[in-house]
Amino acid sequence: MKKLAAGNWKMNGTGADLAEVRALIAARPEPDCDMLLCPPATLIARMAEVARGSALRVGGQDCHAAASGAHTGDISAAMLRDAGASHVILGHSERRADHGETDDQVRAKAQAAIGAGLVAVVCIGETEAERDAGRTLAVIGGQLDGSLPAGASAATLIVAYEPVWAIGTGRTPTLAEIAEVHAFLRSRLRGLIGAEAEGLRLLYGGSVKPSNAAGIFALPDVDGALVGGASLKAADFAAIVAAL
Ligand code: PEP
């Protein structure tokens, strides 16, 4: 399967930052992996315009589970698609923490995203307290079971394992810990979606940077990365893309 380098710009970026996108496309015109950037909703259409005809795909960072209606400030999956998005990140730990998103809500959003023709990038991950308590696999197993939409396939779903304590902190699990979780997720996915699990991309996320990307990407069952801070600068993200 083709690996995926996905960038999450979070609440960063205005029109001026599209210069980084142009630089990224110029640096990696024909990457060996798939390349995705998820800017704030305000930039999706403009980034999609910059990316037109290139290998770069553009995604959203969240969507509402409903198709339309009285949900002030929210955005539907169809709206993301209309703006030029092909993917949407769902259930990021910052959404779960800041907005109280539950597995049920993430599942409903993923269902809506897939229904609208988007690829859902569903995020799961344990907190530091959960890891310290030896509950990592129980927590992420529960999140996976609860967040997965019915009928998910390798073509419509990507799962990102992002330990909450590794996001934006510069800390990462050991390579052995990442490998353990990804093997566990692959096995759990076999039980949930059968043979589709083999081709479903499992991303690692949490303080991925040019200096640690190659080691992480060499692990079995790591099919790419979801990158926060290091996706904001073309040079850093291009280096991560080159490591895949
Ligand atoms: C993220 O927010 O998805 C993330 C992995 O952030 P960072 O790479 O900055 O740790």
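## The barrel

Eight strands close into a barrel, following the order β1-β2-β3-β4-β5-β6-β7-β8, and their pairing is parallel. From one strand to the next, the twist averages 25°. The model described here is a predicted one.

One pair of strands may serve as an illustration. Strand β6 (residues 157-161) runs parallel to strand β7 (residues 201-205), and four bridges join the two. Within this pair, Val159 has Leu202 in β7 as its bridge partner.

## Helix α2 and its buried face

Helix α2 covers residues 41-51, and its buried residues are Leu43, Ile44, Met47, Val50 and Ala51. Viewed down the axis of α2, these buried residues fall within an arc of 135°, and they therefore line one face of the helix. The general geometry of helices bears on such a pattern. An α-helix has 3.6 residues a turn, so residues three or four places apart point the same way.

The buried residues of α2 pack against two strands, β2 (34-38) and β3 (56-60), and against two helices, α1 (18-27) and α3 (77-83). With respect to the strands, α2 lies across β2 and β3 and runs at about 165° to β3. After α2 comes Gly53, which has a positive phi, near 80°.

## The packing of α1 and α2

Two packed helices are described by the angle between their axes and the distance between the axes. For α1 and α2, the axes come within 10 Å and cross at roughly 30°. Angles under 35 degrees count as roughly parallel, so α1 is roughly parallel to α2. The crossing in which α1 passes α2 is right-handed.

Which residues meet where these two helices pack? On the α1 side they are Leu18, Val21, Arg22 and Ile25, and on the α2 side Arg46, Met47, Val50 and Ala51. Of the α2 residues in this contact, Met47, Val50 and Ala51 are also buried.

## Met79 in helix α3

Helix α3, one of the elements against which the buried residues of α2 pack, contains Met79. Is Met79 buried or partly exposed? This residue has 18 C-beta neighbours inside 10 Å and therefore counts as partly exposed; a buried residue would need 20 or more.

Met79 can also be placed relative to Ala160. The two residues are 81 residues apart along the chain, and a distance of 23 Å separates their C-alpha atoms. Ala160 falls within the residue range of strand β6, 157-161.

Conventions:
Residues numbered from 1 in each chain as written. Predicted model: local features only at pLDDT ≥ 70, side-chain atom pairs only at ≥ 80, totals over all residues. Buried ≥ 20, exposed ≤ 12 C-beta atoms within 10 Å, placed from the backbone. Arc of directions from axis to C-beta. Contact = placed C-beta atoms within 7 Å. Pairing = 2+ DSSP bridges. Axes fitted to C-alpha atoms, helices over the stretch in contact; angles between N-to-C directions. Parallel < 35°, antiparallel > 145°, perpendicular 65-115°, else oblique. Left-handed = near helix turned anticlockwise from the far one by under 90°.
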